[in-house]
Amino acid sequence: MVERYVMSIDQGTMSTRCILFDHQGRLVSVGQREHQQYFARPGWAEHDPTEIWSHLRRVVVPRALEGAGIRPEQIAAIGIANQRETTVVWDRRTGVPVGHAITWQDTRTSGYVEELRRTTGDDFFLERCGLSPTTYFSAPRLRWLFDHVDGLHERAERGEVLFGTMESWLIWNLTGGPDGGLHLTDATNASRTMLMNIRSLAWDDELLAYFDVPRAMLPEIRASAECYGMARALLPNVPICAALGDQQAALFGQTCFAPGEAKCTYGTGSFLLVNTGTELVRSRHGLLTTVGYKVGGEPPVYALEGPIAVTGSLVQWFRDRLGLIHSAPEIETLARGVEDNGGCYIVPAFSGLFAPHWRSDARGVIVGLTSYITKGHLARAVLEATGWQTREVVDAVNADSPRPLRQLKVDGGMTSNNLLMQFLADVLDMPVVRPMVSETVSLGAAYAAGLASGYWPDLEGLRRNWHRAAQWMPTMDPARREAEYESWRRAVERSLGWARS
């Protein structure tokens, strides 16, 4: 019998990857290509959607197939994970984007968002979509485009242009593009737009009216694991059976299927999600209420999320902007050369702080500098900033959730740093566990697609594929932990209120 595989397409912030997985959830082959980052003005962050689609079609998928030595007909299903909130608008007839995609990191809407919070307040939005207004979400970006691209709103009203996040853009192109391409999204991505009702999982009339977004431009909302249709371009007759925002995909890939189970993905930024089951928990401590996943016709599973804007990108800044290391792994060696941070703390609020503070007026600070501080102490402070930011989010989770966290599953590139992982266990005072397959975003999209297509039978079958690779246990003295945490909080206070609109 010919071996079959599930294909995962992970359209991320820095690159697009295609990974093939077998029945045991093992990685078989990878194709990957980075795309250009555009920073036209301070606070702006953009991608070229046409470049991303071209890379997927010409490089990423062919390399994955070639690496496994297989043909497209051996693909049982396709699942897509994507950078969330990134906003794309394109012409329905030609398939040409109206401009660059505005990414989740972009802060050009900060003035508009502050006005929303001042005039309307958070509760109007929290009651409907579970989100407070921030620059993070799609609706303010869409409103910005209407205000700055001549005639765009009128074209949207006539149904001439389409809106979507990156999975919508890829699915539309994969299924035919201008020639009948499917225009859809899933509930996890729709829940990040500020336009979907968090309870009904439908576009909310009041929110559409508030932002003045024409319904004609919106994709159809579907389940996360459901067969949407067949690919036509690139992978003819292969079913597309899943789409999830990347962090929800990681939750699924880490098999956090029970309420109270949590994961944190450490990449450019870091994102902690905790499963709250079918119960919709409204955060009172700065977390986001979001859809965790929806399998077919079953009720949605919700999650609380704490996004952290800058973690891995702080290491990149230390390497590329300061030139204190030549490669990211060097930071662990440098940090191990000192016993502690020497009283130095770095708060990386480069474009504000995300959870649990949500302060767009914050900017990065380094505090506690003395003549004693070396680049080793700075390296340690860089790593510890990730640990302390995670601690703030975990404290918020424990304050909001009836089930306090017992352990944290971790994944992403930073988990290869053993010093950081031990520091995490120490400051969280709980076990930190890393799985065998570190590519959990891609794995989660594959799991969802395989589940919808019958490649895997059920959630328990997916759980059996999960295996622990490493675990770190807390060893820090409790008094030291709390004293250093208090110093961190004082450092955060000094980052607030720096930027003025």
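Contact, in this presentation, means heavy atoms within 4.5 Å. Threonine 109 serves as an opening example: leaving aside residues up to four places away in sequence, threonine 109 touches Thr135, Pro140, Arg141 and Trp144.

Before continuing, I should state that this is a predicted model, in which local features need pLDDT of at least 70 and side-chain atom pairs count only at pLDDT 80 or more, while totals for chains, interfaces and linings use all residues. Residues are numbered from 1 along each chain as its sequence is written, and side-chain values use heavy atoms, with hydrogens and water left out.

Let us return to threonine 109. Where is this residue found? Threonine 109 is in the loop between β7 (101–102) and α2 (110–119). The names of such elements follow DSSP runs, numbered from the N terminus: helices are H or I with at least four residues, and strands are E with at least two. Is threonine 109 buried or exposed? Threonine 109 is buried, at a relative accessible area of 2%. The terms are set as follows: buried is under 20% relative accessible area, exposed is over 50%, and partly exposed lies in between, with a 1.4 Å probe and protein chains only.

I turn now to the cysteines. A disulfide is a covalent bond between the sulfur atoms of two cysteines. Here, a disulfide is counted when a pair of cysteine sulfur atoms lies within 2.5 Å. How many does this rule give? The count is one disulfide. Cysteine 227 is joined to cysteine 241, with 2.2 Å from S to S. The two cysteines belong to distant parts of the chain, 14 residues apart: cysteine 227 is in strand β11 (residues 225–230), and cysteine 241 is in strand β12 (residues 239–245). The link of cysteine 227 and cysteine 241 is right-handed, with 90° about the S-S bond. As for the surroundings, cysteine 227 is partly exposed at 37%, whereas cysteine 241 is buried at 0%.

Why is cysteine 18 without a bond to another cysteine? The closest cysteine sulfur, in cysteine 241, is 15 Å from the sulfur of cysteine 18, and that is too far for a bond. Cysteine 18 is buried, with a relative accessible area of 0%. For cysteine 264, the closest cysteine sulfur is in cysteine 256, at 11 Å, which is again too far for a bond. Cysteine 264 is buried as well, at 0% relative accessibility.

The next topic is aromatic rings. A pair of aromatic rings is described by the distance of the centres and the angle of the planes. Rings of Phe, Tyr and Trp (its six-membered ring) pair if their centres lie within 6.5 Å; planes under 30 degrees apart count as stacked, over 60 as edge-to-face, and the rest as tilted. The count by this rule is 23 aromatic pairs. One of them, phenylalanine 252 with tyrosine 293, is edge-to-face, at 5.0 Å centre to centre and 80° between the planes. This pair links distant parts of the chain, 41 residues apart, with phenylalanine 252 in helix α9 (residues 246–253) and tyrosine 293 in strand β15 (residues 288–293). Both phenylalanine 252 and tyrosine 293 are buried.

Phenylalanine 354 and tryptophan 358 have ring centres 5.4 Å apart and planes at 20°, so this pair is stacked. Phenylalanine 354 is buried at 11%, and tryptophan 358 is buried at 14%. Ring pairs join Phe354 and Trp358 with Trp104, Tyr136, Phe137 and Phe271 in a cluster.

Finally, I come to the salt bridges. Side chains of opposite charge can pair when their charged atoms come close. A salt bridge here is a side-chain nitrogen of Lys or Arg within 4 Å of a carboxyl oxygen of Asp or Glu. The count by this rule is 35 salt bridges. Arginine 282 forms one of them with aspartate 123, the closest N and O atoms being 2.9 Å apart. Arginine 282 lies in the loop between β14 (270–277) and β15, and aspartate 123 lies in helix α3 (residues 123–129), so the pair ties together parts that are 159 residues apart in sequence. Arginine 282 also meets glutamate 127 in a salt bridge, at 2.4 Å from N to O. Arginine 282 is partly exposed at 25%, and glutamate 127 is partly exposed at 39%.

To conclude, Arg84, Glu85, Arg192, Asp246 and Glu305 are linked in a network of salt bridges.
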